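Colleague: I would like to understand how the labels on this model were earned. Could you take me through the reasoning behind a few of them?

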Amino acid sequence: MKKTLLLIWLAGAVASGFASCGTDKSDTEAALPGTGDSDGGAGGDAGDDADRPDPAAESRDLSVYTGWAELPAVDPASEDLFYAAHRCEGLPGGRNYEVCYSRGERIGLWSAFPLHDCYRGSQTRTDKWIYDPDIPQSIQPNLLKKSYQPQPGYSKGHLLASEDRTVSYAANVQTFYVTNVAPQWQNSFNSGVWSSLEADCWENICADTLYVVSGVWGVHASDRVTDPDGEPCTVPSHFFRVLLRSKAGDTGRPVWELAADELQCVGFWFENRAYPKGKASANMVAVSEIEERTGMRFFVNVPEAPKDRFEASEWKFR
């Protein structure tokens with residue numbers, strides 16, 4: 001990203017809290033912004049979205065959601081970053097995921113979300129690409145029918161995967177908001193080691209909930225892409241994912257109440273390139289290492305999160 005973007009991640013965030021499937025105690029949960037759609041926020045047809053006027057050009061201040069363990073530090077005063085918390089009826093507390101989108105780069109910078117068995121079901125991939133109804137449409141790329149250009153090359157790389165929200169049609173459709181993607185090298189990255197990482201996260205879910213932030217960083221040294229309308233979108237140089245959960249997995253307690261030795265964290269750091277024989281476990285790093293490289297701050301609502309260390313043996317990744 002531009003140098004100015006590095007600085008905004010250093011902004012502080014709010015006090016600690018937690019979020020878990022079915023036991024969220026956040027007193028701000030009811031304030032989640034909805035889409036106004038009768039089907040729980042899935043959005044309308046692409047044609048309907050194209051005719052819909054932009055919402056007010058205001059970003060959601062996610063720092064008020066102190067009960068959400070997955071949230072990174074945010075900068076509500078930024079003129080470049082737009083935040084949204086996506087609501088979907090039928091999910092615990094109505095919460096699906098949160099997104100940070102860059103107006104200048106025209107890509108999603110991160111998506112933060114809980115993973116738990118309650119988000120899984122029989123819904124297949126909808127592939128219903130639509131604009132994010134909670135972010136001004138005028139600043140979003142037109143990726144409704146095609147991918148980044150030129151092709152073949154970079155695909156619409158999900159930050160929150162379609163396969164992570166199969167509990168309902170409405171929940172799955174929201175993963176196809178164009179703010180939830182960034183240009184990701186398709187051959188042997190999006191279709192390879194990154195896909196394996198997404199799948200293996202489900203081997204690490206627990207009753208206490210697994211918390212995830214998936215995002216991008218940097219600008220590719222040479223490659224450039226546009227949307228099908230010819231508008232440029234930044235190709236990030238790196239993709240990352242950070243995870244947090246309780247060690248026991250079934251404490252029944254919010255993670256902000258747990259001591260550091262009761263919690264486990266891990267991060268994954270990838271260049272945006274092909275990994276012909278890549279394994280996710282080969283890219284494990286401490287969460288603090290990703291913080292140092294990016295200037296971001298993760299799990300700010302969980303003060304005891306052991307971000308400076310990880311034990312590969314505590315996790316199940318190929």
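The talk below goes through salt bridges, exposure, the sheet and the core.

Modeller: Happy to! Please keep in mind that this is a predicted model.

Colleague: Why is the pairing of K247 with E314 called a salt bridge?

Modeller: The closest N and O atoms of K247 and E314 are 3.5 Å apart. The rule asks for a Lys or Arg side-chain nitrogen within 4 Å of an Asp or Glu carboxyl oxygen, so the pair qualifies. By this rule the count comes to 14 salt bridges.

Colleague: What makes K247 and E314 distant parts of the chain?

Modeller: K247 sits in the loop between β9 and β10, while E314 belongs to the segment after α5, and 67 residues separate them.

Colleague: And why does the contact between E257 and R253 count as a salt bridge?

Modeller: Their closest N and O atoms lie 3.9 Å apart. The cut-off is 4 Å, so this pair is accepted too.

Colleague: Why is D308 called exposed, and R309 partly exposed?

Modeller: D308 has 55% relative accessibility, and exposed means over 50%, so D308 gets that label. R309 has 45%; partly exposed covers values between 20% and 50%, so R309 falls there. The two side chains meet in a salt bridge, at 3.1 Å from N to O.

Colleague: Which label does K247 get, and why?

Modeller: K247 is partly exposed, because its relative accessibility is 37%. E314, with 27%, is partly exposed as well.

Colleague: Let us turn to the sheet. What makes β1 and β11 edge strands?

Modeller: Each of them pairs on one side only. The sheet is open and has 7 strands, in the order β1-β2-β3-β6-β9-β10-β11, with antiparallel pairing.

Colleague: How do you know that β3 and β6 are paired?

Modeller: Residues 107–115 and 210–217 are joined over 6 bridges in the antiparallel sense. At least two bridges are needed, so β3 and β6 count as a pair. In β6, V213 is the bridge partner of A112.

Colleague: Which helices lie against these strands?

Modeller: Helix α4 lies across β3, β6, β9 and β10, running at about 10 degrees to β9. Helix α5 packs on the sheet as well, touching β6, β9, β10 and β11, and its direction makes about 45 degrees with that of β10.

Colleague: Finally, what makes F268 stand out in the largest nonpolar core?

Modeller: This core has 85 residues, and F268 is among those touching the most other members, along with W110, L243, F298 and F299. The residues F268 touches include L197, F239, M284 and F317.

Key. Residues are numbered from 1 along each chain as its sequence is written. This is a predicted model: local features need pLDDT of at least 70, side-chain atom pairs count only at pLDDT 80 or more; totals for chains, interfaces and linings use all residues. Side-chain values use heavy atoms; hydrogens and water are left out. A nonpolar core is a set of buried Ala, Val, Leu, Ile, Met, Phe, Trp, Tyr and Cys residues joined through side-chain atoms within 4.5 Å. Buried means under 20% relative accessible area, exposed over 50%, partly exposed in between (1.4 Å probe, protein chains only). Contact means heavy atoms within 4.5 Å. Helices (H or I, at least four residues) and strands (E, at least two) are DSSP runs, numbered from the N terminus. Axes are lines fitted to C-alpha atoms, for helices over the stretch in contact, and angles run from 0 to 180 degrees between N-to-C directions. Lists of a residue's contacts leave out its neighbours within four places in sequence.
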